[in-house]
Every structure is written in C-alpha cells, then in structure tokens.
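Let's take a walk through a protein model together. Keep the picture open and look for each residue as it comes up.

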Amino acid sequence: MFSEELWLENEKKCAVVRKPKPGRKRQELLAVALGVKVGIKGAFLWPPLKLFACPQISSLVRRAALTHNDNHFNYEKTHNFKVHTFRGPHWCEYCANFMWGLIAQGVRCSDCGLNVHKQCSKHVPNDCQPDLKRIKKVYCCDLTTLVKAHNTQRPMVVDICIREIEARGLKSEGLYRVSGFTEHIEDVKMAFDRDGEKADISANIYPDINIITGALKLYFRDLPIPVITYDTYSKFIEAAKISNADERLEAVHEVLMLLPPAHYETLRYLMIHLKKVTMNEKDNFMNAENLGIVFGPTLMRPPEDSTLTTLHDMRYQKLIVQILIENEDVLF
C-alpha cells in the first residue's frame, strides 16, 4: 500500500503531465452519483449521460426542495413595498426606530402589510407571507403571491381546471384550440375571484369543456409575470435557436432551473397534463406542435411590449412549449 505522502507526490506529478479537461470534475461527480464508471470511454458516454442523467438529478433535487414539507411551501417572495402615509405614530418593523414625518414616512408591503423605513426596505429579506385579506382576486394576481397566500404548491385555478378537464374533456375534439363563449369564461373568472377554491365549474354549471380550457388559458394570459418569466424569456428564445437537438434540449433544461420555484412547479404540472392531452390525439387531434401554437404566446411574453418582437418570436415560443411537452419526463 502507498503511504499518504507517496500518494500526494504521485498526484502532483500526474497533474503536471495531464491537464484536466473542462467539465471533467462535473463528469466524475455525476458518474459517482449514478454509480457509473465512465473510464477511458468517457468521451463517448458523457454526452448521453449528461443529457439524460443531469436533468433527472437536477429535477429530483428541485422537486425534493419543493415537496420537502407538504403542508408548507416555502417559496421565496419579495415584498411589494409602496410609499405610505401613516396616521399616528409608527415604528419601523425592521430596525424598530420611529418613523418621522407627517406624510410618506415609510413604505408598506401591499401583500403582507409590513411597515418599514424606505431605507430599511432595501435590507428586508425576501420572506413576504401574503395575507389572504389583502389578496382581493385570483386572476391578475402574481403567481408566487397567490400560492403563498393560500399555502398551496400551485395556483388553485390550475389544479381545479386541470382536474375538471382530465375528468371529462381529454377526448374533446380541438381541446384548447376551440374557444368557449367569452361571457361564460368571464363567469368562471368571476367565480374564482369571488369563491376561490370553492368555485363550482362542474359539468352541471358549464357543460362545454371549452369554457374551462378558456378560463385556464385566460388565467395564464392575465398573470402580471408570465409562467415563463420575463427574466428567462430571452434565454429560452436563444435555446430554441440552437440547431443541434441534444444541445437545444440541454440548454432548455438549464434555463428551466432559473425559473422561480412556484413558476417551475406550475409549468411542470401543466406539461404533465398537456402530455396526457397528446396521448389522446386520435380523438382530440391535438399534438405537441398544435398545443405549442396555442400555449406559446400564453406562457411566455417578451419583456418589451413590441408587436414586431412578438411576431418574430412566435415560432420559437411554439417550439419551446413543444419541446417541454415532448420531453416532459426528461426535463422536469
């Protein structure tokens, strides 16, 4: 057996002879995690190993973090501070000092009601816990704000609508492509805003399943920050432009990991559902490409409100959603 000194000396000599290849450490770590010995043939085994194993491991870690505690979802959320004029004496809830002045003495979070100095607001951690009393509606409400207020994994609208669609509409011809009556879709929207999770969207009230699909699409369109956020939009578009299919898939997965947890989980759940829709293509005539055309502009919008940019990016938006549906089991 070699002594520790001889081993270290040998390693130093080898380090001079062979230069570590970029990404070698990542390969070895992944191989160890999978219990696979890559060895000399690593150059041949690494691309498929990285493509399929990395997404699964990353997704497992991500999903474990999301489902660590089923009863409480600790999604990080920034405070929504707005300048506020307080009546009577008030103290900062961050530094505990008095808030001086007659008007605009500080800021208040419109979601949780936290009162702090304007200067202190820059140092407050992203621990906003929205108060249900302050959440006046379900539609047009920030996604993370809604799930934190209701302490759910995903927005209730998404869960309830998808359950109803899968119960009675997967074989409906033109599912998600055919539109329901606008006034009925607005009725569903008002029902969720008024009754929340107690909203009744059963077949007895809305026999046309296209009304429910329309209400779900409207919810995604009305989000102030899309499911695929403005911050990640350009990265997804750049990933869609990659010509090599394997590299494109890996790039899409890397950008997925940048989504906020609540957005990631909502997108994951939706893609699982849309995959089920494509499995009934013989009846509903909706494949992944058709669903990509429908959901591309619904799930992702460019940060700048430009018609020209939207028209130019439509094919890439469609392709991203198509990739997410077809590779749902690998990407999430």
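In this predicted model, helix H12 has a cap at its N-terminal end, provided by Asn-287. A side-chain oxygen of Asn-287 lies 3.2 Å from the backbone nitrogen of Glu-289.

Now follow H12 along its length. Its buried residues are Ala-288, Leu-291, Gly-292, Val-294, Phe-295, Gly-296, Thr-298 and Leu-299. What covers them? The cover includes helix H7 (209-222), helix H10 (261-278) and helix H13 (307-326). It helps to remember that an α-helix has 3.6 residues a turn, so residues three or four places apart point the same way.

Pause at Phe-295, which is buried, with a relative accessible area of 0%. Which residue forms an aromatic pair with Phe-295? The partner is Tyr-176, and the two rings are edge-to-face, 5.0 Å centre to centre with 65° between the planes. The planes count as edge-to-face because the cut-off is over 60 degrees. Tyr-176 is buried too, since its relative accessibility is 0%. Tyr-176 sits in the loop between helix H5 (156-168) and helix H6 (182-195), while Phe-295 belongs to H12, so this pair ties together parts that are 119 residues apart in sequence.

The structure holds six aromatic pairs. Elsewhere, Trp-91, Phe-98 and Trp-100 come together as one aromatic cluster. Rings can also have a charge over them: the charged end of Arg-154 sits over the ring of Tyr-269, 3.8 Å from its centre. Likewise, the charged end of Lys-241 is found over the ring of Tyr-316, 5.4 Å from the ring's centre.

Next, return to H13, one of the helices covering H12, and see how it meets helix H9 (residues 245-256). The axes of H9 and H13 come within 11 Å and cross at roughly 90°, which means that H9 is roughly perpendicular to H13. On the H9 side, the residues that meet H13 are Arg-248, Leu-249, Val-252 and Leu-256. Their counterparts in H13 are Leu-319, Ile-320, Ile-323 and Leu-324.

Our last stop is Gln-105, in the loop between strand E1 (81-84) and strand E2 (106-109). Is Gln-105 buried or exposed? Its relative accessibility is 10%, so Gln-105 counts as buried. The side chain of Gln-105 reaches the backbone nitrogen of Phe-86 at 2.8 Å. Leaving aside neighbours within four places in sequence, Gln-105 is in contact with His-84, Thr-85, Phe-86, Met-99, Trp-100 and His-117. You have already met Trp-100, in the aromatic cluster with Trp-91 and Phe-98.

Key
Residues are numbered from 1 along each chain as its sequence is written. This is a predicted model: local features need pLDDT of at least 70, side-chain atom pairs count only at pLDDT 80 or more; totals for chains, interfaces and linings use all residues. Side-chain values use heavy atoms; hydrogens and water are left out. Rings of Phe, Tyr and Trp (its six-membered ring) pair if their centres lie within 6.5 Å; planes under 30 degrees apart count as stacked, over 60 as edge-to-face and the rest as tilted. Helices (H or I, at least four residues) and strands (E, at least two) are DSSP runs, numbered from the N terminus. Buried means under 20% relative accessible area, exposed over 50%, partly exposed in between (1.4 Å probe, protein chains only). A charge sits over a ring if NZ of Lys or CZ of Arg is within 6 Å of the ring centre and within 35 degrees of the ring normal. Contact means heavy atoms within 4.5 Å. A polar contact is a pair of N or O atoms within 3.5 Å; within protein, one must be able to donate a hydrogen and the other to accept it, and residues adjacent in sequence count only if both atoms are side-chain atoms. Axes are lines fitted to C-alpha atoms, for helices over the stretch in contact, and angles run from 0 to 180 degrees between N-to-C directions. Angles under 35 degrees count as roughly parallel, over 145 as roughly antiparallel, 65 to 115 as roughly perpendicular and the rest as oblique.
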